[in-house]
Amino acid sequence: MTGKYYKTKESVEEYIRLAKDVNGKILIEKLKQVLPSNSTVLEIGSGPGTDWKILNKSYDITGSDNSTEFLNHLISKNPNGKFLELDAITLKTDKKFDGIYSNKVLHHLNDNELIDTVKRQYEILNSNGIICHSFWKGEGSEVFKGLFVNYHNGSTLRKAYLKYFDILSISDYNEFEDNDSLLLIAKKK
């Protein structure tokens, strides 16, 4: 994941303002249908902590981010929370989890990086672990505000995940426009 957008205090403050009304509540409701309450969950890319707070109501949640600025924000707003500085590709941690969640984070990875994180997620999940990830739906890629954005469809997600996961569902949903997003829920093989 390249680009400095999430790395500066100014860009993080801008992102927090822009995303203040956006959350993954509907995604987390779908996760709750397949992952029991009190399960251990890693959130990849917690950003401002909006979804972390929702997840924290039902799960033993560990947030993470690769941005020191976001981590500083998360810790200051949630001093009793658990947070790790993690890169979404390598996920360098010895901890194991029952579930892994991300909301519009993994689309910053190119196809090879996505394969690498899928393998690593498999490794840090407990038996029968669940993943729940959202992506922008579409074709191709672009650079937006200095960040790489890789669009996906059901076929590209199946190709990336099927080696390590049984796909429970890939569904369209609306973030800003009709069917502009995809939600993947899968179980560790």
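Student: Leaving aside neighbours within four places in sequence, with which residues is Asp-65 in contact?
Tutor: The model is a predicted one, and in it Asp-65 belongs to strand E2 (residues 60-65). With neighbours within four places in sequence left aside, the contacts of Asp-65 are Gly-45, Ser-46, Gly-47, Phe-70, Leu-71, Leu-84, Glu-85 and Leu-86.

Student: Does Asp-65 count as buried or exposed, and at what relative accessibility?
Tutor: The cut-off for a buried residue is under 20% relative accessible area. Asp-65 counts as buried because its relative accessibility is 9%.

Student: At what distance does the side chain of Asp-65 reach the backbone nitrogen of Ser-67?
Tutor: The side chain of Asp-65 has polar contacts with backbone nitrogens. One of its polar atoms lies 3.4 Å from the backbone nitrogen of Ser-46. For the backbone nitrogen of Ser-67, the distance from this side chain is 3.0 Å.

Student: In what order do the 7 strands of the open sheet stand?
Tutor: The sheet is open and its pairing is mixed. E4 and E5 pair in the parallel sense over 6 bridges, whereas E5 and E9 pair in the antiparallel sense over 7 bridges. The order of the 7 strands is E3-E2-E1-E4-E5-E9-E8.

Student: Which strands stand at the edges of the sheet, each with a single partner strand?
Tutor: The average twist from one strand to the next is 20 degrees. A strand with a single partner has one side left without a neighbour in the sheet, so the edges are held by strand E3 (82-85) and strand E8 (165-173).

Student: Which residue of E9 is the bridge partner of Ile-131?
Tutor: Leaving aside neighbours within four places in sequence, the contacts of Ile-131 include Leu-184, Ile-185 and Ala-186. E8 and E9 pair in the antiparallel sense over 8 bridges, and there Ser-169 has Ile-185 of E9 as its bridge partner. For Ile-131, the bridge partner in E9 is Ala-186.

Student: How many of the 8 residues of E9 are buried?
Tutor: E9 is largely enclosed by the rest of the structure. That description follows because the number of its 8 residues that are buried is 7.

Student: Which residues have the most contacts inside the largest nonpolar core?
Tutor: The largest nonpolar core has 26 residues. Two or more of them come from each of strand E4 (97-103), helix H5 (111-124), strand E5 (125-136), helix H6 (154-161) and strand E9 (181-188). A second, separate core of 19 residues includes Val-41, Leu-71, Phe-83 and Tyr-173. Within the largest core, the residues with the most contacts are Leu-42, Ile-44, Leu-106, Ile-131, Tyr-161 and Phe-165.

Student: At about what angle does H5 run to E5?
Tutor: H5 lies across strand E1 (40-43), E4, E5, E8 and E9. Its angle to E5 is about 150 degrees.

Student: What arc do the buried residues of H6 cover around the axis?
Tutor: The buried residues of H6 are Gly-154, Leu-157, Ala-160 and Tyr-161. They lie on the same side of H6 because the arc they cover is only 130 degrees.

Student: Which residues are exposed on the other side of H6?
Tutor: The cover over the buried residues of H6 includes H5, E5, E8 and E9. At the N-terminal end, Asn-153 caps H6, with a side-chain oxygen 2.9 Å from the backbone nitrogen of Ser-155. On the side away from the buried residues, the exposed residues are Ser-155 and Lys-159.

Student: Within what arc do the buried residues of H4 fall, seen down the axis?
Tutor: In helix H4 (residues 68-77), the residues Phe-70, Leu-71, His-73 and Leu-74 are buried. These residues line one face of the helix, because they fall within an arc of 160 degrees.

Student: How far apart in space are Val-22 and Thr-50, C-alpha to C-alpha?
Tutor: Val-22 is found in the loop between helix H1 (9-18) and helix H2 (25-32). Leaving aside neighbours within four places in sequence, its contacts are Thr-50, Glu-175 and Phe-176. Val-22 and Thr-50 are 28 residues apart in sequence, and their C-alpha to C-alpha distance is 8.1 Å.

Student: What is the phi of Asn-38, which is not a glycine?
Tutor: Asn-38 is found in the loop between H2 and E1, and it counts as exposed at 64% relative accessibility. Asn-128, in strand E5, has a positive phi of about 60 degrees. For Asn-38, phi is positive, at about 70 degrees.

Notes. Residues numbered from 1 in each chain as written. Predicted model: local features only at pLDDT ≥ 70, side-chain atom pairs only at ≥ 80, totals over all residues. Heavy atoms only, no water. Core = buried A, V, L, I, M, F, W, Y, C linked by side-chain atoms within 4.5 Å. Buried < 20%, exposed > 50% of the residue type's maximum accessible area, 1.4 Å probe, protein only. Helix = DSSP H or I, 4+ residues; strand = E, 2+ residues; numbered from the N terminus. Contact = heavy atoms within 4.5 Å. Pairing = 2+ DSSP bridges. Axes fitted to C-alpha atoms, helices over the stretch in contact; angles between N-to-C directions. Arc of directions from axis to C-beta. Polar contact = N/O pair within 3.5 Å; in protein donor to acceptor, adjacent residues only side chain to side chain.
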